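Reader: I would like to go through the labels attached to this structure and hear, for each one, the reasoning that supports it. Could you begin with the term that needs defining before anything else?

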Amino acid sequence: MKRWVKQVGSIMIAGALLTGGTAWAGFGGATEAYAAEAVQQNVVTVLGKGEISVKPDIVYLSIGAESYAETAKSAQKANAQKMDKVIKVLKETWKIDDKDIKTEQFYVQPNYSYTEKEGRKVQNYSAYHSLEVTLRDLNKVGEVLDAAAEAGANSIGNARFSVENPDTFEAQVIDKAMANADLKAQAIAKASKRQLGVVVNVTEGSVNNNVVYGMYDKMSMETASMADGGTATSVKPGEIKITTQLYVQYELK
């Protein structure tokens, strides 16, 4: 079998006549890889961040009750009576729909005490039931919490403020992220004495792997004097920050 050797510039290509096509294919592949690398050197990728602040239009309240008794049955019964009154007030007085009231947590468990003489011993039983209540009138948050407490709720958690339809703000926050990416890319191009070309690729990304997500400020509660001299809970919802991130790749000229 005849062999041959050919020099192309500083590259030696060798092979048998039967596999010469393979040898040339390998050389072509190396050329393509070099071309791809050259293209990659003419792009820049930046992270654009967008953020807007909006007023919340919905709040999720955690309202519950806890009871203690000598038996599990007694604790559960006492707590059920409290929660029945709370739910009745929410539905009848504040006209909150069934779909906006759902069980968040429910349990009945023993509580133990320990002494060296008797060891571990059941002291009593506790029953706990909490609801997630959705409220769309933010002006009534404090009044609803007060009414629930008066009805028997003795475990009221944080109020989580949100936006019911965050998609309505998606375009605005994406525009801000893209503008931020443009600004960064222009600065990089200027610093490297290049010109910025067209956008090559855009990838959405965020801390929580969502395009848009809400950052909820903690609820602040304070007491405000009423005309009759009493006090009522006043809840300040603040603002919600909706953010997104875009990974944008530009051509460099």
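Author: A salt bridge is called when a side-chain nitrogen of Lys or Arg lies within 4 Å of a carboxyl oxygen of Asp or Glu. The model discussed here is a predicted one, and a search of the whole structure finds 8 salt bridges.

Reader: What makes the pair of glutamate 132 and lysine 102 a salt bridge?

Author: The N to O distance between the side chains of glutamate 132 and lysine 102 is 3.5 Å, and the limit is 4 Å, so the pair qualifies. Glutamate 132 lies in strand β6 (residues 119-135) and lysine 102 in strand β5, so this salt bridge ties together parts that are 30 residues apart in sequence.

Reader: Is each partner of that pair buried, exposed or partly exposed, and how do you know?

Author: Glutamate 132 has a relative accessibility of 16%, and buried means under 20%, so glutamate 132 counts as buried. Lysine 102 stands at 47%, which falls between the limits of 20% and 50%, and lysine 102 is therefore partly exposed.

Reader: Why is the contact between aspartate 100 and lysine 99 called a salt bridge, and where does each partner stand in accessibility?

Author: Their side chains meet at 3.5 Å, N to O, and the cut-off is 4 Å, so the name applies. Aspartate 100, at 9% relative accessibility, counts as buried, whereas lysine 99, with a relative accessible area of 62%, is exposed because exposed means over 50%. Salt bridges that share partners join Lys99, Asp100, Arg136 and Glu164 into one network.

Reader: How do you know that lysine 91 and aspartate 98 form a salt bridge?

Author: The closest N and O atoms of lysine 91 and aspartate 98 are 2.6 Å apart, and a salt bridge requires a distance within 4 Å, so this pair meets the criterion. Lysine 91 is partly exposed, with a relative accessible area of 35%, while aspartate 98, at 53%, counts as exposed.

Reader: Why is asparagine 79 called buried, and what surrounds it?

Author: Asparagine 79, which is in helix α2 (residues 72-93), has a relative accessibility of 2%, and because buried means under 20%, the label follows. Leaving aside its neighbours within four places in sequence, asparagine 79 is in contact with Ala65, Glu66, Ser67, Ala127, Tyr128 and His129. With serine 67, asparagine 79 also shares a side-chain polar contact of 2.8 Å, for which the limit is 3.5 Å.

Reader: What makes the backbone of lysine 95 and of lysine 193 worth a remark?

Author: Phi of lysine 95 is near 55 degrees, a positive value in a residue other than glycine, and phi of lysine 193 is likewise positive, near 55 degrees. Lysine 95 is in the loop between α2 and β5 (101-115), and lysine 193 is in the loop between α4 (170-191) and β8 (196-205). Exposed means over 50%, so lysine 95, at 64%, is exposed, and lysine 193, at 76%, counts as exposed.

Reader: How do you know that the charge of arginine 120 sits over the ring of tyrosine 112?

Author: The charged end of arginine 120 is 3.7 Å from the centre of the tyrosine 112 ring, and the distance limit is 6 Å. A further condition asks for a position within 35 degrees of the ring normal, and the charged end of arginine 120 is counted as sitting over the ring.

Note on methods. Residues numbered from 1 in each chain as written. Predicted model: local features only at pLDDT ≥ 70, side-chain atom pairs only at ≥ 80, totals over all residues. Heavy atoms only, no water. Helix = DSSP H or I, 4+ residues; strand = E, 2+ residues; numbered from the N terminus. Buried < 20%, exposed > 50% of the residue type's maximum accessible area, 1.4 Å probe, protein only. Polar contact = N/O pair within 3.5 Å; in protein donor to acceptor, adjacent residues only side chain to side chain. Contact = heavy atoms within 4.5 Å.
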